[in-house]
Amino acid sequence: MPTFTATFLKTHVARLLVALETPDDLAELVADTLVGANLAGHDSHGVGLVPEYAQLIRAGRLKPAARASVEAATGMLATLAVDGASGWGPPAAFLATDQTIARAQQFGVAAAVVRRCQHIGRVGQYVERIAAQQLIGIVTCNSSSGVVPFGGRQRMLGTNPIAIAVPRQAGHAPVLFDGSTSVVAGNKLRVLVEKGLPTPEGWIVDRSGQATTDPDSFFTGGGLLPLGGHKGYGLGVMVELLAGLLSGASAAFLPDFAGGNGVLVMAIRPDAFMPLQTYLEQVEAACAALKGSPSRDATCSVLLPGEPEQIARRERAANGIPMSEAAWQLLHNLSESLGVAVT
Ligand code: NAD
């Protein structure tokens with residue numbers, strides 16, 4: 001499997017995005033977030049998405065030079081709405097995140113929605129930024145239909161991730177939960193197809209609702225199953241009603257949903273409720289208790305949410321980012337079609 005440094009991928013992807021008529025600053029930001037997902041171990045949301053993004057641009061659905069802005073009419077104290085202008089998702093979601101941080105610092109709690117927003121990628125990156133300011137971050141979004149309802153057989157819901165980050169004492173990455181309300185993110189199926197691997201049992205059903213391990217069944221009308229049966233289904237519905245409807249993006253299964261992500265960003269200042277140091281000490285005690293609890297398997301210990309991403313970051317920063325031959329070929333073909341040399 002070819003392996004690349006983060007620096008090479010960032011530079012090359014930024015050049016591809018510029019060739020796709022993205023302004024330099026936005027290209028650098030988007031390339032950085034994509035490679036950040038690869039470094040965190042989520043190839044589903046890394047540079048392998050660029051060929052899909054190029055298709056969205058060519059179809060006129062992603063406007064590469066558009067810039068997100070805060071809507072003047074909704075600038076009420078602790079809440080705001082960001083218009084993503086159908087441009088790149090990460091700059092729009094980071095604008096909402098930064099505004100939410102500033103308002104939570106002032107008011108104790110703040111929330112934003114992002115509308116007309118394209119794909120924002122790995123949702124964990126936004127709550128990580130909030131937690132870096134010693135605030136609690138919650139970000140969720142709906143996305144295009146790919147998940148069948150509990151007991152249903154037609155794809156209706158998005159994979160609808162929920163990310164929550166809680167800050168820790170200095171020197172520790174936040175406790176970070178960042179996961180879809182489906183069994184896995186839909187893009188993980190694309191990664192399996194690229195590697196020629198079957199889908200684990202219990203992930204998908206085909207278009208007639210039958211369980212299958214053939215990932216192609218998903219791309220021909222099948223659907224992902226909700227995480228944990230009725231509970232993941234319930235969470236997925238709530239994300240549609242919160243992030244989808246409140247943002248104005250609509251619910252994935254209603255006719256007016258235009259694709260991309262409807263996004264809800266929230267930040268909470270812990271010291272609105274107790275002294276920050278007391279909270280951080282309690283978080284530390286909770287983390288230590290969990291980490292110190294006995295594991296079922298003697299070869300691996302109990303991990304905190306977010307630790308797998310930290311482990312992947314250390315490993316990939318040191319040894320490079322592996323990419324399947326098929327994923328690299330798609331990126332290579334796109335580079336050739338845009339006249340961008342691979343150097
Ligand atoms: P996942 O199942 O790989 O991980 C979910 C969470 O579980 C993570 O917080 C991880 O740290 C934690 N975890 C994993 N193994 C663990 C272990 N052994 N012990 C403790 N915690 C553990 O995530 P996923 O559902 O496949 O989602 C992957 C990515 O896809 C996420 O970054 C998500 O934001 C992104 N996503 C984006 C969209 C979008 O439309 N923008 C949609 C869906 C998913």
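Let's start with the ligand: 25 residues surround it, and Asp178, Ser180, Lys188, Gly306 and Glu309 come nearest. Near here means that a heavy atom of the residue lies within 4 Å. Please keep in mind that this is a predicted model, where local features need pLDDT of at least 70, side-chain atom pairs count only at pLDDT 80 or more, and totals for chains, interfaces and linings use all residues. Residues are numbered from 1 along each chain as its sequence is written, and side-chain values use heavy atoms, with hydrogens and water left out.

So, who touches the ligand's oxygen atoms? For Glu309, a side-chain N or O atom is 2.6 Å from a ligand oxygen. For Lys188, a side-chain N or O atom is 2.8 Å from one. Gly306 uses a polar backbone atom, 2.8 Å from a ligand oxygen. On its own the ligand exposes 860 Å², and the protein buries 79% of that (Shrake-Rupley method, 1.4 Å probe).

Which strand gives the most to the shell around the ligand? That is β7, with four residues. Both β7 (175-179) and α10 (307-319) supply at least two. These names come from DSSP runs: helices are H or I, at least four residues, and strands are E, at least two, numbered from the N terminus.

Now, over to a sheet. Three strands form an open sheet in the order β9-β8-β10, with antiparallel pairing; to pair, two strands need at least two DSSP bridges between them. The edge strands, β9 (211-212) and β10 (223-224), each pair on one side only. Strand β8 (residues 204-205) meets β10 over two bridges, and Ile204 has Leu224 of β10 as its bridge partner.

Definitions and conventions:
Polar contact = N/O pair within 3.5 Å; in protein donor to acceptor, adjacent residues only side chain to side chain.
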